[in-house]
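Good morning, and thank you for the time. Please keep the sequence and the model in view while I speak.

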Amino acid sequence: MAENTKKIAEISAILGIDEHSCREIAKEYDEILPCKKIGKVSVYEDNTVDRFRKIADLQAQGLPKEVIIPAIRGGKSLQERAIEDMKKMGVDIQTEPKKIVPKPIPRSETEEELILAVRSAETSIAAMEHRLSAFRERSEADTTAILDAVSSVSAEVAELKTQVHTLWDQIAALEEYLRACQNRSIWKR
């Protein structure tokens, strides 16, 4: 068998429908699903697989054979063709109403100028807010750096105070020692 042909079993596996339904579609729509017979086996071209899928989809929507055949053959989309045929048969089809988009109201020059001014103001405000937030972020970073510097200086000042107190204590002890030494004579003869 050629590689570009498919048996019913292969088509049903590709489309994901059961083989029995595929065989019924092949029998019912044999005029638009051409095949070659090799013994008892029917073989279909690759491009016929898409027709099987379209027929199965239209049948699942509940469309009759009289609508499906022209829809598969026609140049219009399947849905358009099916709707036309169903209307011809007298079947009532509800279609979504077209949404009516109101035409824009013409504006005067003054209104246009106001709109432009408002948009310009909005743009300016957005730019100012952006700059202000950048300034806030920088000032927060600067404030944090300043607070860190102050706390490190405070620690250094506290350490220096401790050293000064130690020095004063040493000076006082030295003064006491010198006074004691002056009161007693160092040179005894």
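The structure holds 6 salt bridges, a salt bridge being a side-chain nitrogen of Lys or Arg within 4 Å of a carboxyl oxygen of Asp or Glu. Before I describe some of them, I should say that this is a predicted model, in which local features need pLDDT of at least 70 and side-chain atom pairs count only at pLDDT 80 or more, while totals for chains, interfaces and linings use all residues. Residues are numbered from 1 along each chain as its sequence is written, and side-chain values use heavy atoms, with hydrogens and water left out.

In general, side chains of opposite charge can pair when their charged atoms come close. One such pair is Lys 6 with Asp 46, whose closest N and O atoms are 3.5 Å apart. Lys 6 lies in strand S1 and Asp 46 in helix H3, so this pair ties together parts that are 40 residues apart in sequence. Helices (H or I, at least four residues) and strands (E, at least two) are DSSP runs here, numbered from the N terminus. With a relative accessibility of 36%, Asp 46 counts as partly exposed; buried means under 20% relative accessible area, exposed means over 50%, and partly exposed is in between, with a 1.4 Å probe and protein chains only.

Let us stay with helix H3. Arg 53 forms a salt bridge with Asp 50, and their closest N and O atoms are 2.6 Å apart. These two residues are separated by about one helical turn, because Arg 53 and Asp 50 are 3 residues apart in helix H3. Arg 53 is partly exposed, at a relative accessible area of 34%, and Asp 50 is partly exposed at 34%. Asp 50 also meets the side chain of Lys 54 in a salt bridge, at 3.3 Å from N to O. Lys 54 and Asp 50 are 4 residues apart in helix H3, about one turn of the helix. Lys 54 is partly exposed, with a relative accessible area of 26%. Through shared partners, salt bridges join Asp 50, Arg 53, Lys 54 and Asp 57 into one network.

I turn now to the sheet. In what order do the 3 strands of the open sheet stand? The order is S1-S3-S2, and the pairing is antiparallel; two strands pair if DSSP finds at least two bridges between them. Strand S1 (5–7) and strand S2 (35–38) are the edge strands, each pairing on one side only. On average, neighbouring strands of this sheet are turned by 35 degrees against each other, direction ignored. Axes are lines fitted to C-alpha atoms, for helices over the stretch in contact, and angles run from 0 to 180 degrees between N-to-C directions.

The individual pairings can be followed on the model. S1 is joined to S3 by 3 bridges, and these strands run antiparallel. Within that pairing, Thr 5 has Glu 45 in S3 as its bridge partner. On the other side, 4 bridges join S2 to strand S3 (residues 41–45), again antiparallel. Lys 36 stands opposite Val 43 in S3, and Ile 38 stands opposite Val 41 in S3. S2 and S3 form a hairpin with 2 residues between them, and Gly 39 in the turn has a positive phi of about 70 degrees.

How does helix H3 (residues 46–60) lie relative to these strands? Helix H3 lies across S1 and S3, running at about 95 degrees to S3. Two neighbours in this helix differ in exposure. Asn 47, found in helix H3, counts as exposed at 59% relative accessibility. Its C-alpha atom is separated by 8.9 Å from that of Asn 4, 43 residues apart along the chain. Thr 48, which lies in helix H3, counts as buried at 3% relative accessibility. Not counting residues up to four places away in sequence, Thr 48 touches Leu 33 and Pro 34, where contact means heavy atoms within 4.5 Å.

A further buried residue is Ser 12, with a relative accessible area of 7%. Ser 12 lies in helix H1 (residues 8–15). Leaving aside residues up to four places away in sequence, Ser 12 touches Ile 17, Asp 18, Glu 19 and Cys 22.

My last location is Val 164, in helix H6 (residues 109–183). At 41% relative accessibility, Val 164 counts as partly exposed. Thank you for your attention.
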